[in-house]
Amino acid sequence: MTQQPVSQTENSPVLEIRGLTQRFGGLTAVSDFNVELHPGELVGLIGPNGAGKTTVFNLVSGFYQPSEGEIRVCGVPTTGLKPHKVTALGVARTFQNIRLWNDMSVLDNIRVARHGKLGYGFFHAVARTRTYRLREAEIEREARELLEIFKLDGYADEVPKNLPYGLQRKVEIVRALAEKPKLLLLDEPAAGLNSVDVQELIRLVRWIHQTFDITIWMIEHHMDVMMELCERIKVIDFGQTIAEGTPEEIRNHPAVITAYLGDDTI
Ligand SMILES: Nc1ncnc2c1ncn2[C@@H]1O[C@H](COP(=O)(O)OP(=O)(O)OP(=O)(O)O)[C@@H](O)[C@H]1O
C-alpha cells in the first residue's frame, strides 16, 4: 500500500512516538516509550546513566531502527529511513561528545550543514554551472549570517578544536540550526562545561527557543539547566518511563528520587 501524504495542521505534533522498544541482544534499552511533542515546546528527557536516553535520540534521528514501535516526524513515519532522510524531514541534533569536522573551519562546518538543506544536483557541482555558483554564494551568505547572529563571526576561519570547549558546543548547536530543523535534539549540551558556560548555555537555549520557530527536546544531567528551561520533563530508568510532569512535579516525584538515589547528578 502506498503511503498517503499526511495533512499537518498548525498544532499537529512535530514528533509522535508510540510503543518504541529497542533491544540490543538480551538488553532492552528502551521499552514501550511514548511521547508527543508539539510545535514550540521545550521538553526534557532525563534519567540515570544508561537509562536509554541517547538510544531514544538515536532512534528518532534514524541512527538505529526500532525493534518495535513507530516514530512519526510531522506525521511521516520514519521507519526504514536513513539519518539524512530524517534530517530532511526536519530533525537536527547535537551529540554528547561534540561532533564537528575538526579539519574544516567553523564557517565550512556551517556551510556543510546548509548544503544538506540547499543542495544542487551532481551535474551542477561537476560542471560548476551558474546554478552551482548562485547556490554556493547563497549558502556562504546564510552561513556567515548565522555566525554573526551567534557572535561567532570572529571565529569563522578557526578550526573548531582550537576553540574553548564552550564555543565548540555553541558551534555544534549553530551547525544543527543551519539545517533549519523543526525539531532540535540536544544531547547533554552542558556536558563538560564549567559553571559560567552552563549559565551561558541556558541563556543561549532560551534565546534560540524564543527566536527560532522550533521544538526543542533536550537530554541533560545538569538538573538546574532542565529545571530552568523545560516546560515538561519525561523521566526514564532502565528504558521504562517512570515519571512525566513539570520540573516542580519531577523534582518531588518519589519514583524519580528513588531512581536517582546514590546518583549524585540530580
Ligand atoms: N549500540 C549499542 N549496542 C549495545 N548496547 C547499547 C548500544 N547503545 C546503547 N546500549 C546500551 O543501552 C543502554 C542505554 O544506553 P544509553 O546510551 O541510551 O543510555 P543513556 O541514558 O543515554 O546514558 P548516559 O546518561 O550515561 O548517556 C545501556 O545499557 C547501553 O550500554
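In which loop is the place of F238? F238 lies in the loop between β9 and β10; this report returns to that residue after an outline of the chain.

## Basis and overall make-up

This is a predicted model, in which local features need pLDDT of at least 70 and side-chain atom pairs count only at pLDDT 80 or more, while totals for chains, interfaces and linings use all residues. Residues are numbered from 1 along each chain as its sequence is written.

The secondary structure of the chain comes to 10 helices and 10 strands. Helices (H or I, at least four residues) and strands (E, at least two) are DSSP runs, numbered from the N terminus. Of the 266 residues in the chain, 34% are buried. A residue is buried if 20 or more other C-beta atoms lie within 10 Å of its own, exposed if 12 or fewer, and partly exposed in between, with C-beta atoms placed from the backbone. Two residues are in contact if their C-beta atoms, placed from the backbone, lie within 7 Å. Among the contacts in the chain with a separation of 6 or more, 66% are between residues 24 or more positions apart.

## The sheet

Six strands form an open sheet in the order β6-β7-β8-β3-β9-β10, with mixed pairing. Its edge strands are β6 (91–93) and β10, each of which pairs on one side only. On average, neighbouring strands of this sheet are turned by 20° against each other, direction ignored. For such angles, axes are lines fitted to C-alpha atoms, for helices over the stretch in contact, and angles run from 0 to 180 degrees between N-to-C directions.

Strands of a sheet pair through backbone hydrogen bonds, either parallel or antiparallel. Here, two strands pair if DSSP finds at least two bridges between them. Strand β9 (residues 232–237) takes part in both arrangements described next. With strand β3 (residues 42–46), β9 runs parallel, and four bridges join the two. In this pairing V43 stands opposite R232, and I46 stands opposite V235. With strand β10 (residues 240–245), β9 runs antiparallel through five bridges, and I233 of β9 stands opposite G245 in β10. The hairpin of β9 and β10 has two residues between the strands, and F238 takes its positive phi there.

## Residues with a positive phi

Most residues other than glycine have a negative phi, and most peptide bonds are trans. The table lists residues that have a positive phi.

| Residue | Phi | Place |
|---|---|---|
| C74 | about 50° | loop between β4 (68–73) and β5 (76–77) |
| K180 | about 50° | loop between α6 and β7 (183–187) |
| F238 | near 45° | loop between β9 and β10 |

C74 has 17 other C-beta atoms within 10 Å and is therefore partly exposed. K180 is partly exposed, with 17 other C-beta atoms within 10 Å. F238 counts as partly exposed because it has 16 C-beta neighbours inside 10 Å. The C-alpha atoms of K180 and G75 are separated by 18 Å, and these residues are 105 apart along the chain.

## Two helices

K180 comes just after α6. Helix α6 (residues 165–178) has 14 residues, which should span 20 Å at 1.5 Å a residue; its end C-alpha atoms are 20 Å apart, so the two values agree. The expected span of a helix is 1.5 Å times one less than its number of residues. Because 10 of the 14 residues of α6 are buried, this helix is largely enclosed by the rest of the structure. The buried residues include R169, K170, E172 and R175.

Helix α1 is mostly covered, with seven of its eight residues buried. These are K53, T55, V56, F57, N58, L59 and V60. After α1 comes G62, whose phi is positive, near 85°.

## Around the ligand

Which residues surround the ligand? They are F24, L27, A29, G47, N49, G50, A51, G52, K53, T54, T55 and Q96. A residue is near a molecule or strand if its C-beta atom, placed from the backbone, lies within 6 Å of it. Both β2 (27–37) and α1 (53–60) supply at least two residues of this shell, and α1 gives the most, with three residues.

By class, the shell has four nonpolar, seven polar and one charged residues. Ala, Val, Leu, Ile, Met, Phe, Trp, Tyr, Cys and Pro count as nonpolar, Asp, Glu, Lys and Arg as charged, and the others, Gly among them, as polar.
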